[in-house]
Amino acid sequence: MDDRDEVSQLLARIALRDARAFESLYRMVASRLMAVASRVTQDRAMAEDVLQEVFVTVWNQTATAAPGQNLTLAWLCVVTRHRAIDLLRKRKPDVPLHWQDENGDEQSHDIQDESGSPMEQLLAHEDGAQLGHCMEALEPEPRRALLLAFYDGLTHPEIALRMQRPLGTVKAWTRRSLIRLKGCMEALA
Amino acid sequence: MNWYRNPSAIEQLAAAYVAGTLQGRARRRFEAVMQRQPALVAAVNDWTARLAPLHHALPAQAPSTALWSRITKATDSAPRVAAPSWWQRLLAPVPAGALALGLMVGALVPTLWQAHVAYQKDMELPDSYVGVLATAQGQPGLIISSLRRGKVVDIKQVTPVPVPPGQTLYLWRIDKEGAVAALGPLPNGKWTHLTLSETAEQVFFPAVELAVSLEPVGAQPGAPTQPFVYRGLCGKLWR
């Protein structure tokens with residue numbers, strides 16, 4: 001049974017108020033969702049608040065799945081990332097992207113650049129090899145813009161500020177990168 | 001033309017939704033439209049699967065041991081040794097809605113029936129099974145009925161739900177232990193019928209609830225693969 005079947009079946013049992021299925025789901029996916037939430041919030045306590053919110057909505061059947069939506073681990077990751085972005089903006093609406101600490105050193109909100117571990121791990125994972133190959137085929141700057149949006153939850157204006165590029169350029173980069181990714185992956189399939 | 005009728009716009013917005021560049025009110029509007037547009041759901045499903053390895057590339061991080069306690073406290077979902085009693089199941093949000101509807105129907109039917117009997121004393125209400133199912137939002141969803149020894153089930157769809165291409169409504173029976181058994185695919189329409197292989201009494205006797213999920217056309221699932229779109233009480237209408 002793959003992730004998709006297992007997560008879907010646990011969610012169906014949770015819809016019947018099966019508390020054991022709820023606990024099984026938590027044990028199965030919490031550490032993966034924690035990774036997603038921590039990456040966006042850069043704060044473990046806030047990431048745990050995100051996870052609590054996600055699991056409460058799953059239990060109360062208020063997660064925003066549309067009829068026919070595949071209820072997989074990947075879907076839970078997308079829900080978690082959206083919740084993390086919402087909570088981050090709610091709690092820290094004016095969080096600066098760059099600031100100077102008390103020693104006068106430059107700091108930034110997110111720390112990894114495109115050469116950080118997620119891309120390396122993506123290429124190393126068998127199931128991510130295709131996507132990794134296609135990501136590598138993108139131009140470095142558009143790829144970085146896409147990863148800043150995906151992993152760090154940055155908006156287009158924030159990415160533009162971070163990369164010191166015009167907003168329109170950043171929007172075009174992310175849009176075209178996604179189209180190219182799709183074309184590349186379909187060609188490899 | 002609405003943007004959600006334009007395949008190119010659907011593709012771009014679904015990609016942006018999953019990639020995270022669609023945020024705030026735009027994302028919430030997109031999610032609202034997705035509830036009634038299967039083409040958007042299909043595109044989001046594709047993009048979710050396509051970008052999934054990006055999530056898997058992040059090293060897993062164990063949350064603190066206190067988090068699960070916080071979640072069980074917030075949801076009151078700590079597993080119990082005994083199965084939940086019938087009244088606890090009925091107090092769950094959706095069954096409660098269905099129960100309220102069922103009670104209304106239960107109160108209304110005898111009253112109307114007595115008035116009818118008074119008018120036509122030579123008639124009797126046939127022994128029947130009746131299911132009253134609510135939608136996931138608690139609205140009246142389906143009314144299902146069948147003669148006790150009949151093999152045809154009449155289904156009235158009070159509130160329709162979108163059924164994506166390649167999927168079908170699928171009827172499930174839930175017994176008093178909470179076990180779920182497949183009854184088969186349901187036709188989609190305002191007023192439809194389903195033919196049973198056995199009598200309604202044989203099929204519905206163990207049922208305390210009926211539920212409907214969306215399943216792939218032609219599949220014979222052993223358990224629901226998606227949350228229920230309809231769920232509610234099932235009972236016999238005779239002494």
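This section describes the fold of chains A and B and the contact between them in a predicted model.

Chain A contains nine helices and two strands. Read from the N terminus, its elements follow the order α-α-α-α-β-β-α-α-α-α-α. Of the 189 residues in chain A, 44% are buried. Among contacts in chain A with a separation of 6 or more, 59% are accounted for by residues 24 or more positions apart.

One helix pair of chain A was examined in detail. Helix α8(A), spanning residues 156-163, packs against helix α9(A), spanning residues 167-188, at an angle of about 110 degrees, and the two axes lie 9 Å apart. Because angles of 65 to 115 degrees count as roughly perpendicular, α8(A) is assigned as roughly perpendicular to α9(A). The crossing of these two helices is right-handed. On the α8(A) side, the contact is made by His156(A), Pro157(A), Ile159(A), Ala160(A) and Met163(A), which meet Leu167(A), Val170(A) and Lys171(A) in α9(A). By class, the residues of this contact comprise six nonpolar, one polar and one charged.

Chain B has a mixed composition of seven helices and eight strands. Buried residues amount to 35% of the 239 residues in chain B. Residues 24 or more positions apart contribute 63% of the contacts in chain B with a separation of 6 or more.

The strands of chain B form an open sheet of eight strands with antiparallel pairing, in the order β5-β4-β7-β8-β1-β2-β3-β6. The edges are occupied by β5(B) and β6(B), the latter comprising residues 191-195; each has a single partner strand, so one side of each is left without a neighbour in the sheet. On average, neighbouring strands of the sheet are turned by 25 degrees against each other, direction ignored.

At the β5(B) end of the sheet, strand β4(B) comprises residues 167-175 and is mostly covered, with seven of its nine residues buried. Strand β4(B) is joined by nine bridges to the antiparallel strand β7(B), residues 207-216. Within this pairing, Gln167(B) has Pro216(B) in β7(B) as its bridge partner. The pairing of β4(B) with β5(B), residues 180-186, is likewise in the antiparallel sense and extends over six bridges. Here Arg173(B) stands opposite Ala181(B) in β5(B). Strands β4(B) and β5(B) form a hairpin with four residues between them, and Gly178(B) in the turn adopts a positive phi of about 90 degrees.

The other edge strand, β6(B), pairs with β3(B), residues 152-157, in the antiparallel sense over five bridges. In this pairing, Val153(B) has Leu194(B) as its bridge partner in β6(B).

The two chains meet through 60 residues of chain A and 58 residues of chain B. On the chain A side, the elements that give two or more residues are α1 (3-14), α2 (19-41), α3 (44-59), α4 (73-91), α5 (117-124), α7 (140-152) and α9. The largest share of this side, 13 residues, is provided by α2(A). By class, the side of chain A that touches chain B consists of 31 nonpolar, 19 polar and ten charged residues. Helix α9(A) thus appears in two settings: α9(A) packs with α8(A), and α9(A) is listed among the elements on the side that touches chain B.

Notes:
Residues numbered from 1 in each chain as written. Chains lettered and ligands numbered in written order. Predicted model: local features only at pLDDT ≥ 70, side-chain atom pairs only at ≥ 80, totals over all residues. Axes fitted to C-alpha atoms, helices over the stretch in contact; angles between N-to-C directions. Parallel < 35°, antiparallel > 145°, perpendicular 65-115°, else oblique. Left-handed = near helix turned anticlockwise from the far one by under 90°. Contact = placed C-beta atoms within 7 Å. Nonpolar A, V, L, I, M, F, W, Y, C, P; charged D, E, K, R; others polar. Buried ≥ 20, exposed ≤ 12 C-beta atoms within 10 Å, placed from the backbone. Pairing = 2+ DSSP bridges.
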